[in-house]
Amino acid sequence: MTCALFWPETEFTQLLGQWPTLGNDYGSEHHDHIHRVEEILRRLSDEGEPHLGIARGDVADFEVFTREEGLAPQDGGTRAEYAADLAARGRAQTWPPPRNSPCWCGSSRKYKKCCGSPATA
């Protein structure tokens, strides 16, 4: 499974507070981050990637992961490895979710009315 890494809003704020340069990759606002994650997953799907997933990051868990693996948190490859590790631990969900299921972003709206809406594409 190819897994995208998503940071819930409180984790996102903590992540950028700890590593401000990650805003260059994720955007400085949480809604920008959500939009970027959905864009990446749609692009991968359009390119034919068959098994896509999304994993919710946790800053404390990420810190432990980087420390144990001896990796730099700011490196994109490290974050990709962390996403893969989350998927391997069963902490990822398949993307896209069913249209009538809750959106992956945590908004509590249906996917089709949130990140899955053609208006947000």
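The questions and answers below concern helix packing and burial in a predicted model.

Local features need pLDDT of at least 70 and side-chain atom pairs pLDDT 80 or more, while totals for chains, interfaces and linings use all residues. Residues are numbered from 1 along each chain as its sequence is written, and side-chain values use heavy atoms, without hydrogens and water.

Reader: Which side of helix α1 do E11, F12, L15 and L16 take up?

Author: Helix α1 (a DSSP run of H or I, at least four residues, numbered from the N terminus) spans residues 9–18. E11, F12, L15 and L16 are buried there (under 20% relative accessible area, with exposed over 50% and partly exposed in between, 1.4 Å probe, protein chains only). T10, T13 and G17 are exposed on the other side of α1. The buried four cover an arc of only 130° (directions from the helix axis to the C-beta atoms), so they lie on the same side of α1.

Reader: Is H33 buried or exposed?

Author: H33 belongs to helix α3, residues 30–46. Leaving aside neighbours within four places in sequence, H33 is in contact (heavy atoms within 4.5 Å) with L5, F6, W7, F12 and Y26. Its relative accessible area is 0%, so H33 is buried.

Reader: How are α4 and α5 oriented to each other?

Author: The axes (lines fitted to C-alpha atoms over the stretch in contact, with angles from 0 to 180 degrees between N-to-C directions) of α4, residues 59–69, and α5, residues 76–88, come within 11 Å and cross at roughly 110°. Angles under 35 degrees count as roughly parallel, over 145 as roughly antiparallel, 65 to 115 as roughly perpendicular and the rest as oblique. α4 and α5 are therefore roughly perpendicular.

Methods:
Helices (H or I, at least four residues) and strands (E, at least two) are DSSP runs, numbered from the N terminus.
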